[in-house]
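Colleague: Could you take a close look at one part of this model for me, the surroundings of the ligand? I'd also like to see how that part fits into the rest of the chain.

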Amino acid sequence: METLKHFDVIIIGAGAAGMMCAIESGKRGRSVLLLDHAKKIGEKIRISGGGRCNFTNLNTHPSKFISSNKKFMVSALNQYTHNDFIKLVESHNIKFHEKKLGQLFCDNSSQQIIDMLLDECKKANVNLLTDVIIQNISKNETNYSVELIDYIYSSSSIVVATGGLSIPKIGATKFGYDIAKKFDLDVISPSAALVPLTFSNNILDMCKNLTGISQDAIVSYGKTFFKEGMLFTHRGLSGPSILQISSYWKLTNEININLCPDLDVVSYLGNKKKLNSKQDISSVISEIVPKRLALSICNYLNINGKISEIPNKILIVLANFLNSWSLKPTGTEGYRTAEVTLGGVNTNELSSKTMMSKKHEGLFFIGEVVDVTGHLGGYNFQWAWSSGYVAGQYT
Ligand SMILES: Cc1cc2nc3c(=O)[nH]c(=O)nc-3n(C[C@H](O)[C@H](O)[C@H](O)COP(=O)(O)OP(=O)(O)OC[C@H]3O[C@@H](n4cnc5c(N)ncnc54)[C@H](O)[C@@H]3O)c2cc1C
């Protein structure tokens, strides 16, 4: 097989990070080949944020990221900030809004972000090749070789931007981890994150009965907690607070849910007992959580009757359930529904300033394939933009 062409930079994976890196390398006058095995690129961007792409967050800060090196992301986030990305979005006249908690979404469609990136790639003379199968990547003394089925491309720099393992049906693969291992880089075991939690037996039955109900809650695991919406589903629990805690939760341990985060339920029930002693307990609880949830909790705890007739110690059990429900998930829904992947290429192997491998000159890893995972809310895309930008300055 003969080498077809030499490029300064070959980027593998035309997702958020890969496209950003291609644009930046191209703008510096480097010849860039961007490769993807998918027929249609930017699929994760397209499905993100419910089709409106939560493309960054105004509160971007290293504390919003999980990594075995808590400071690794600082340099990239400083070199290319959320404001830099907002400027790019504005320069393409894409209208956006803050939904909540600093989360910025397109007003219309996430396709606008894909089109913007493709337009920038075009302006930067990036060569894009989709629907390709990459069989091997190797290195000789001077160059890297990327072997496709019929031909080989060579380059001075290789950027691996193949993302994580979530949503395999739209093209996620472990290719990036395999390349890292091939080049003798450590990979921290990946696992599904920002993912719904599953439960067994009676908790699952309760969730099934309550499917579709959402409730503001504080969900905590150890000292980590999130106060956001929680959703009952026919498979278990989901919603932002559950997705957030799933990135921290470890199998076999309990999580804790406060279903009434702004109310001391013990005092509330004490006052209600004094004031309105004839009221049925489930209707008392219906005043602070949705009616179906109130009924379900009373059934689950087998508490019924008029509040006046219920002993205080039973009311305390009920109050504790509402303010501090401890439950043990059996697992997660896994990569099928996870938004991101925890773990990845160990940050100890990479320069935080350039994203280049410390062992191999010219080999870069960016985006989700690296052991940096953002909280829910636009942080994962910001990491893709920032790490892609940084590598683009040094390829
Ligand atoms: C349903 C969903 C919703 C999300 N919503 C948001 C959101 O609103 N905000 C947010 O910040 N984050 C969101 N995320 C997370 C975000 O999409 C990712 O963190 C981000 O896309 C990572 O960018 P990346 O470039 O590293 O990887 P990706 O965007 O996944 O791109 C990787 C690319 O590599 C290609 N590839 C993979 N393997 C190979 C191979 N073997 N050969 C060639 N090419 C390959 C893939 O086809 C893909 O194009 C969401 C994720 C999901 C699944």
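Modeller: Happy to! Among contacts in the chain between residues at least 6 apart in sequence, 73% join residues at least 24 apart; contact here means heavy atoms within 4.5 Å. This is a predicted model, in which local features need pLDDT of at least 70 and side-chain atom pairs count only at pLDDT 80 or more, while totals for chains, interfaces and linings use all residues. Residues are numbered from 1 along each chain as its sequence is written, and side-chain values use heavy atoms, with hydrogens and water left out.

The chain has 13 helices and 21 strands, taken as DSSP runs (H or I, at least four residues, for helices; E, at least two, for strands) and numbered from the N terminus. Along the principal axes, its C-alpha atoms fill a box of roughly 85 × 40 × 35 Å. Of the 395 residues, 54% count as buried, which is to say under 20% relative accessible area, against over 50% for exposed and in between for partly exposed (1.4 Å probe, protein chains only).

Now for your ligand. It is surrounded by 30 residues, and the closest are Ala17, Asp36, Thr173, Glu368 and Phe381; a residue is near the ligand if one of its heavy atoms lies within 4 Å of it. Three helices, α1 (16-27), α2 (43-47) and α13 (379-394), each supply at least two residues of this shell. The largest share comes from α13, with four residues.

Which atoms of the ligand come up against the side chains of Thr173 and Glu368? For Thr173, a nitrogen atom of the ligand is 2.6 Å from a side-chain N or O atom. For Glu368, an oxygen atom of the ligand sits 2.7 Å from a side-chain N or O atom. Phe381 uses its backbone instead: an N or O atom there lies 2.8 Å from a ligand oxygen. On its own the ligand has 1000 Å² of accessible area, and the protein covers 92% of that. Accessible areas come from the Shrake-Rupley method with a 1.4 Å probe, and for residues only the protein chains shown count as cover.

As for the rest of the chain, helix α12 (residues 312-323) is a good place to look. Its 12 residues reach 16 Å from first C-alpha to last, close to the 16 Å expected at 1.5 Å a residue, where the expected span is 1.5 Å times one less than the number of residues. Its buried residues are Leu315, Leu318, Ala319, Phe321, Leu322 and Asn323. Their cover includes α7 (201-209), β16 (255-258), α9 (265-275), α10 (281-286), α11 (291-301) and β17 (325-327).

One of those covering helices, α10, holds Val284, a buried residue with a relative accessible area of 0%. Beyond its neighbours within four places in sequence, Val284 is in contact with Tyr268, Leu269, Lys272, Gln279 and Ile307.

Finally, the cysteines: the whole structure has zero disulfides, a disulfide being a pair of cysteine sulfur atoms within 2.5 Å. Cys106 forms no such bond because its sulfur is 5.4 Å from the closest cysteine sulfur, in Cys53, which is too far. Cys298 is also buried, at 4% relative accessible area, and its sulfur is 12 Å from the closest one, in Cys260, again too far for a bond.

Conventions. Polar contact = N/O pair within 3.5 Å; in protein donor to acceptor, adjacent residues only side chain to side chain.
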